[in-house]
Amino acid sequence: KKAKKFSGEGTNKNLEISEFVPYPSPFNPIKEPAHIRIDINRDAIGDVYILDLAANPVKTINNVNLTTGLNEIEWDGKNSSGRICNNGVYSIVIKAKSGNLSVERYTKVMLIKGEK
């Protein structure tokens, strides 16, 4: 999976995610996916984990190619079985690696199903 690159350039020797924001929140997966904005200071490979409030895994997006700067991935509100998740708050965790450097960040997003 390839994340879309927007802009930015990093020079820090550490691997850092300066922005990790889902939008819109709340989102209605029947109308649109959640977009997850990730601003990282160097090229990396990331795994994104969607978890329910009890920390049970809902969906994993593996091997996301993150390029230096602003990237965006989407979550369609579906679990790993392809079913739309229940209304609620979900944790989003990203674990990114670049060489021997790694970073982990988390945030939350609210899913509210509604009419089409």
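Two strands count as paired when DSSP finds at least two bridges between them, and in this predicted model four strands pair in that sense to form an open sheet, antiparallel throughout, in the order S5-S4-S7-S8. The protein has 116 residues, of which 38% count as buried, and its secondary structure comprises 8 strands and 0 helices. The points below go from the overall fold to the sheet, then to the aromatic residues, and finally to Lys 113 and Asn 87.

**Overall fold**

- Read along the sequence, the elements follow the pattern β-β-β-β-β-β-β-β, in keeping with the count of 8 strands and 0 helices.
- Among contacts between residues at least 6 apart in sequence, 65% join residues that are at least 24 apart.
- The accessible surface of the protein comes to about 6700 Å², and 46% of that surface belongs to carbon and sulfur atoms.

**The open sheet S5-S4-S7-S8**

- The edges of the sheet are formed by strand S5 (57-66) and by S8, each of which pairs on one side only, and neighbouring strands of the sheet are turned by 15° against each other on average, direction ignored.
- Strand S4 (residues 44-51) is joined to S7 by 7 bridges, the two strands running antiparallel, and within this part of the sheet Asp 47 stands opposite Lys 95 in S7.
- S4 is also joined to S5 by 7 bridges, again in an antiparallel arrangement, and here the bridge partner of Ile 50 is Lys 59 in S5.
- The hairpin of S4 and S5 has 5 residues between the strands, and in this hairpin Ala 55 takes a positive phi near 70°.

**Aromatic pairs**

- A search of the whole structure finds 2 aromatic pairs; in one of them, the rings of Trp 75 and Tyr 90 have their centres 5.6 Å apart and their planes at 65°, so this pair is classed as edge-to-face, given that planes over 60 degrees apart fall in that class.
- The pair links distant parts of the chain, with Trp 75 in strand S6 (residues 69-75) and Tyr 90 in strand S7 (residues 88-98), 15 residues apart.
- Both Trp 75 and Tyr 90 are buried, and ring pairs link these two residues with Phe 27 into a cluster.

**Lys 113 and its surroundings**

- Lys 113 is placed in the segment after strand S8 (101-111), and its relative accessibility of 33% is why it counts as partly exposed.
- Leaving aside neighbours within four places in sequence, Lys 113 is in contact with Asn 28, Pro 29, Ile 30, Ile 84, Cys 85, Asn 86 and Asn 87.
- Lys 113 and Cys 85 are 28 residues apart in sequence, with a C-alpha to C-alpha distance of 8.7 Å, and the side chain of Lys 113 reaches the backbone oxygen of Cys 85 at 3.4 Å.

**Asn 87 and its surroundings**

- Asn 87 lies in the loop between S6 and S7, and with a relative accessibility of 47% it counts as partly exposed.
- Not counting residues up to four places away in sequence, Asn 87 touches Leu 111, Ile 112 and Lys 113, and its side chain reaches the backbone nitrogen of Lys 113 at 2.7 Å.
- The C-alpha atoms of Asn 87 and Phe 27 are separated by 9.9 Å, although these residues are 60 residues apart along the chain.

Definitions and conventions: Residues are numbered from 1 along each chain as its sequence is written. This is a predicted model: local features need pLDDT of at least 70, side-chain atom pairs count only at pLDDT 80 or more; totals for chains, interfaces and linings use all residues. Side-chain values use heavy atoms; hydrogens and water are left out. Rings of Phe, Tyr and Trp (its six-membered ring) pair if their centres lie within 6.5 Å; planes under 30 degrees apart count as stacked, over 60 as edge-to-face and the rest as tilted. Buried means under 20% relative accessible area, exposed over 50%, partly exposed in between (1.4 Å probe, protein chains only). Contact means heavy atoms within 4.5 Å. Accessible areas come from the Shrake-Rupley method with a 1.4 Å probe; for residues, only the protein chains shown count as cover. A polar contact is a pair of N or O atoms within 3.5 Å; within protein, one must be able to donate a hydrogen and the other to accept it, and residues adjacent in sequence count only if both atoms are side-chain atoms. Axes are lines fitted to C-alpha atoms, for helices over the stretch in contact, and angles run from 0 to 180 degrees between N-to-C directions.
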